[in-house]
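Work through the following exercises with the sequence and the model side by side. Each task is followed by a solution in steps.

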Amino acid sequence: MTEDWASWHGAYDQPESSLNRRLAAVRRRIAAALDEQPPGRVTVISACAGQGRDLLGVLPDHPRRADVVGRLVELDPRNVEIATRSAEGFGVEVVEGDASLCSAYAGFVPADIVLMCGVFGNITDADIEHTVANLPRLCRTGGTVVWTRHTGEPDATPTIRKWFADNGFREVGFDTEPGYHYGVGTHTLTGDTLPFQPEPRLFDFRGYVRLATS
C-alpha cells in the first residue's frame with residue numbers, strides 16, 4: 001500500500017484529530033523559537049515539509065515574518081504546489097526534492113530553526129538515531145530543532161529525547177496530551193555546530209504503513 005501524502009493532510013482539518021492538535025503544538029513551538037531569535041535574518045529549514053502548514057501557518061501573524069528566510073523540502077509534487085502558493089510573499093522557498101539528503105539544505109545551514117515534523121514516524125529507529133546525530137551539521141549552536149513522533153506503542157519518544165541529549169542538545173520542552181498519541185519535541189543545540197557535509201543521507205523514508213507491516 002502506498003500512502004497518499006496529499007490526502008493525508010485532510011486530518012489536519014479535523015479539530016479533534018491528533019494531527020490537528022499536534023500541528024497547534026508545533027506552531028506554538030515555532031512561534032516561541034522565532035520570538036527568541038536575535039535581531040536580523042532568521043533561517044529555517046524543514047524536512048519532509050508536506051504542505052508547510054506548520055511554518056507557513058505561523059508566519060502571517062508573526063512579527064518576525066519579514067526576517068525569515070529558508071527552504072522547505074518535500075518530495076510529493078501536489079504538496080509542493082500547495083506549499084508554494086502558501087509561501088508567496090515570504091522569504092521561504094519550497095523545493096521538490098529528497099529531504100533525506102544533506103545537500104538539499106545547502107545555502108541555508110547552519111539554520112536557526114530546523115523542522116523535522118512528520119519524519120520520525122516514517123523511518124526506522126536506527127535512521128532516527130543517525131539523523132539526530134547529524135542534526136548539528138544543519139543547526140547552529142543556539143538554534144532550535146522541532147520534531148514530532150507518535151507516542152503509540154512501542155513509544156520511542158523517550159529514547160529519541162535521550163539521543164538529542166547525547167548529541168549536544170538541551171530539551172526545551174516535550175508536548176503531548178492525554179487521549180492523543182502525538183509527541184512534539186523541542187531542543188536547543190548547546191554543543192558545537194559540526195562541519196556541513198552535503199554527501200550524507202540522513203534516512204530512508206519508508207512511510208508508516210510500510211514500517212508497520214515490515
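Buried means under 20% relative accessible area, exposed over 50%, and partly exposed in between, with a 1.4 Å probe and protein chains only. Helices (H or I, at least four residues) and strands (E, at least two) are DSSP runs, numbered from the N terminus. This is a predicted model, in which local features need pLDDT of at least 70 and side-chain atom pairs count only at pLDDT 80 or more, while totals for chains, interfaces and linings use all residues. Residues are numbered from 1 along each chain as its sequence is written, and side-chain values use heavy atoms, with hydrogens and water left out.

**Exercise 1. The sheet**

Task: State the strand order of the open sheet and find which strands stand at its edges.

Solution. Two strands pair if DSSP finds at least two bridges between them.

- Step 1. The open sheet has 7 strands in the order E3-E2-E1-E4-E5-E7-E6, and the pairing is mixed.
- Step 2. Strand E3 (91–96) and strand E6 (169–175) are at the edges; each has a single partner strand, so one side of each lacks a neighbour in the sheet.
- Step 3. From one strand to the next, the twist averages 15 degrees.
- Step 4. Parallel pairs include E2 (residues 68–74) with E3, joined by 6 bridges, and E1 with E2, also joined by 6 bridges. E1 and E4 are parallel as well, over 3 bridges.
- Step 5. Antiparallel pairs include E5 with E7, with 7 bridges, and E6 with E7, with 6 bridges.
- Step 6. Individual partners fix the register: valine 73 is bridged to valine 95 in E3, serine 46 to leucine 72 in E2, and phenylalanine 174 to glycine 185 in E7. Isoleucine 45 is opposite valine 114 in E4.
- Step 7. The hairpin of E6 and E7 has 6 residues between the strands, and glycine 179 there takes a positive phi near 90 degrees.

**Exercise 2. Two covered strands**

Task: Determine how many residues of E7 and of E1 are buried, and which way their side chains point.

Solution.

- Step 1. In E7, 8 of its 8 residues are buried.
- Step 2. Tyr182, Val184, Thr186 and Thr188 of E7 point one way, and Gly183, Gly185, His187 and Leu189 the other way.
- Step 3. In E1, 6 of the 6 residues are buried, so the strand is largely enclosed by the rest of the structure.
- Step 4. One side of E1 carries Val42, Val44 and Ser46, the other Thr43, Ile45 and Ala47, and both faces are covered.
- Step 5. Contact means heavy atoms within 4.5 Å. Axes are lines fitted to C-alpha atoms, for helices over the stretch in contact, with angles from 0 to 180 degrees between N-to-C directions. H1 lies across E1, E2, strand E4 (111–116), strand E5 (139–150), E6 and strand E7 (182–189), at about 15 degrees to E7.

**Exercise 3. The buried side of H3**

Task: Which residues of helix H3 (residues 77–86) are buried, and what covers them?

Solution.

- Step 1. Asn79, Val80 and Ala83 are buried.
- Step 2. These residues are on the same side of H3, because they cover an arc of only 100 degrees around the axis; the arc is that of the directions from the helix axis to the C-beta atoms.
- Step 3. Their cover includes helix H2 (55–58), E2 and E3.
- Step 4. Asparagine 79 has a relative accessible area of 0%. A polar contact is a pair of N or O atoms within 3.5 Å; within protein, one must be able to donate a hydrogen and the other to accept it, and residues adjacent in sequence count only if both atoms are side-chain atoms. One such contact, of 3.1 Å, joins the side chains of asparagine 79 and glutamine 51.
- Step 5. Proline 77, also placed in H3, is partly exposed at 45% relative accessibility.

**Exercise 4. Glutamine 37**

Task: Where is glutamine 37 found, and which residues does it touch?

Solution.

- Step 1. Glutamine 37 is in the loop between helix H1 (18–35) and strand E1 (42–47).
- Step 2. Glutamine 37 counts as buried at 8% relative accessibility.
- Step 3. A polar atom of its side chain lies 3.1 Å from the backbone oxygen of alanine 33.
- Step 4. Leaving out residues up to four places away in sequence, glutamine 37 touches Val42, Arg64, Asp112, Ile113 and Arg140.
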